[in-house]
Amino acid sequence: MQVSWAAATHPGSRRLTNEDAYGANPELGLFLVADGMGGHAAGEVASRVAVESVTAFVEQTAGDRHHTWPIPYEITLSPAANRLKAAFVLANRRVASEIHQNESYAGMATTAVAVLVDGNTVVAAHAGDSRVYQLQGDRLRQLTRDHSWVAEQVQAGLLTADAAREHPWRNVVTRALTGGPELDPEITTPSVEVGDRLLLCSDGLSGVVSHDEIRALLAPPASLDEVCRRLVDRANEGGGPDNITVLAIQIDVA
Ligand code: CA
C-alpha cells in the first residue's frame with residue numbers, strides 16, 4: 001500500500017507552548033500523534049518520548065514483523081497489531097523511566113494514537129482521547145473510542161454528546177502513557193480502500209471542530225496540505241483553546 005501524508009501543529013490561540021507532538025515515517029508506514037500533559041514543559045517531554053519510542057521500536061522490528069520482545073506476542077492479533085501494541089507498552093515504560101530519572105517530570109503523561117500501514121493492512125492503536133477518523137467516499141467515521149471520562153459517560157447513556165463537549169471534565173482521560181502499570185492500548189483494524197483519507201488528531205481539533213465540519217474539510221479535492229491548514233484554522237476560529245495537531249493520510253495505491 002502506498003500513502004501520501006501531510007501534518008500541521010499549532011499551539012492554538014490561548015496557550016503559549018505546544019505540548020503535542022507528531023511523527024511521520026512513510027518508509028516504516030508509521031504515523032502518530034501524541035498530546036502531552038503535565039506542567040513545567042513536561043507534557044512536551046512526554047509526547048516527544050512517546051513519538052520517539054514508538055518509532056524506534058517499529059523501526060527495530062521492521063525486519064522481523066513477529067518481534068515483540070519483551071512484550072508477549074498475542075496470537076489473536078496480526079503481526080502489525082502486535083508490533084504497535086508492544087511499541088505502546090514499551091513507550092509507556094520509557095515515560096516511567098524518564099520520570100524516575102528526573103523528578104521535575106513527575107506527573108507528566110501523554111495520549112498517543114498511531115497508524116501503521118503494513119503491506120496491505122492498516123492498523124491503529126491508541127490510548128487517550130486523540131483520535132483517528134476515516135473518510136471513505138462522503139462518509140466520515142471516528143475509528144477510535146475516546147478513553148475519556150465524558151466519552152464513558154456518553155456511552156453509558158449518562159451524558160449527551162453535546163453536554164460532553166461543554167463538560168468541565170471534558171479533558172479528563174482514563175487511559176494514557178503515564179508511566180504507570182502496564183498500558184493496554186486499544187487496537188483497531190479498519191478496512192481501507194484506495195482514495196480513503198485518514199485523519200489523526202489531538203483533542204485541540206476534535207473538541208472544537210464538529211464531525212460534519214471535519215468531513216467537509218477533509219474531503220478532496222483539497223490537497224492534504226490544504227486540509228491540514230484549514231483544519232487548524234477552523235480550530236483557531238473556534239477559539240483555539242488547546243494545542244492543535246492534525247495528520248492526514250491518503251491511500252494512493254492498494
Ligand atoms: Ca490536548
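This is a short tour of a predicted model, stop by stop, with something to select at each one.

**Stop 1: the calcium ion**

Select the calcium ion and show the side chains around it. What coordinates the ion? You should find Asp35, which appears twice through OD atoms, together with Asp203 (OD) and Asp242 (OD), at 2.3 to 3.0 Å. Along the chain, these donors follow the spacing D-x167-D-x38-D. Now colour by secondary structure: Asp35 sits in strand β3 (residues 30-37) and Asp203 in helix α5 (residues 203-206), so the pair ties together parts that are 168 residues apart in sequence. Switch on a surface and look for those two side chains. Are Asp35 and Asp203 buried or exposed? Both are buried.

**Stop 2: the second largest pocket**

Stay with Asp35 and Asp242, and add Arg15, Gly36 and Met37 to the selection. The second largest pocket has a volume of about 160 Å³. Of its 13 lining residues, those five are the closest to the centre: Arg15, Asp35, Gly36, Met37 and Asp242. So two of the names from the calcium stop, Asp35 and Asp242, turn up here again. Which element gives the most to this lining? That's β3, with three residues. By character, the lining splits into two nonpolar, four polar and seven charged residues.

**Stop 3: the largest pocket**

Next, select Arg131, Ala164, Arg165, Ser206 and Gly207. The largest pocket holds about 840 Å³ of space, and of the 36 residues lining it, these five are the closest to its centre. To see what builds the walls, colour β6 (131-136), α3 (149-155), α4 (161-166), α5 and α6, the elements that each give two or more residues to the lining. Colour the lining by residue type and you get 10 nonpolar, 12 polar and 14 charged residues.

**Stop 4: the β6-β7 hairpin**

From the pocket, follow β6 along to strand β7 (residues 139-142). The two strands pair in the antiparallel sense over four bridges. Pick Gln134, and across from it you'll see Arg141 in β7. Then click on the turn: the hairpin has two residues between its strands, and Gly137 takes a positive phi near 65°.

**Stop 5: aromatic pairs**

How many aromatic pairs does the structure hold? There are two. Start with Trp5 and Phe31: the ring centres are 6.2 Å apart and the planes are at 55°, so this pair is tilted. Trp5 is in strand β1 (residues 2-10) and Phe31 is in strand β3, so the contact ties together parts that are 26 residues apart in sequence. Trp5 counts as partly exposed, at 34% relative accessibility, whereas Phe31 is buried at 0%.

Now jump to Trp149 and Trp169, an edge-to-face pair at 4.8 Å centre to centre, with 70° between the planes. Trp149 belongs to helix α3, while Trp169 is in the loop between α4 and β8 (186-188), so the pair ties together parts that are 20 residues apart in sequence. Trp149 is partly exposed at 23% relative accessibility, and Trp169 is partly exposed too, at 48%.

**Stop 6: two cis peptide bonds**

Finish with the backbone. Select Trp69 and Pro70: the peptide bond from one to the other is cis, with omega near 5°. Pro70 lies in the loop between α1 (42-60) and α2 (79-101). Then go to Pro220 and Pro221, also joined by a cis peptide bond, with omega about 10°. Here Pro221 is in the loop between α6 (211-218) and α7 (224-237).

Technical notes:
Residues numbered from 1 in each chain as written. Predicted model: local features only at pLDDT ≥ 70, side-chain atom pairs only at ≥ 80, totals over all residues. Heavy atoms only, no water. Donors = N, O, S within 2.8 Å, 3.2 Å for Na, K, Ca; no water. Buried < 20%, exposed > 50% of the residue type's maximum accessible area, 1.4 Å probe, protein only. 1 Å grid on protein atoms, 1.4 Å probe; cavity = no way out; pocket = protein on both sides within 12 Å on 5 of 7 lines; lining within 4 Å. Points joined across faces, edges and corners; volume = space filled by probe spheres on them. Nonpolar A, V, L, I, M, F, W, Y, C, P; charged D, E, K, R; others polar. Pairing = 2+ DSSP bridges. Phe/Tyr/Trp six-rings, centres within 6.5 Å; stacked < 30°, edge-to-face > 60°.
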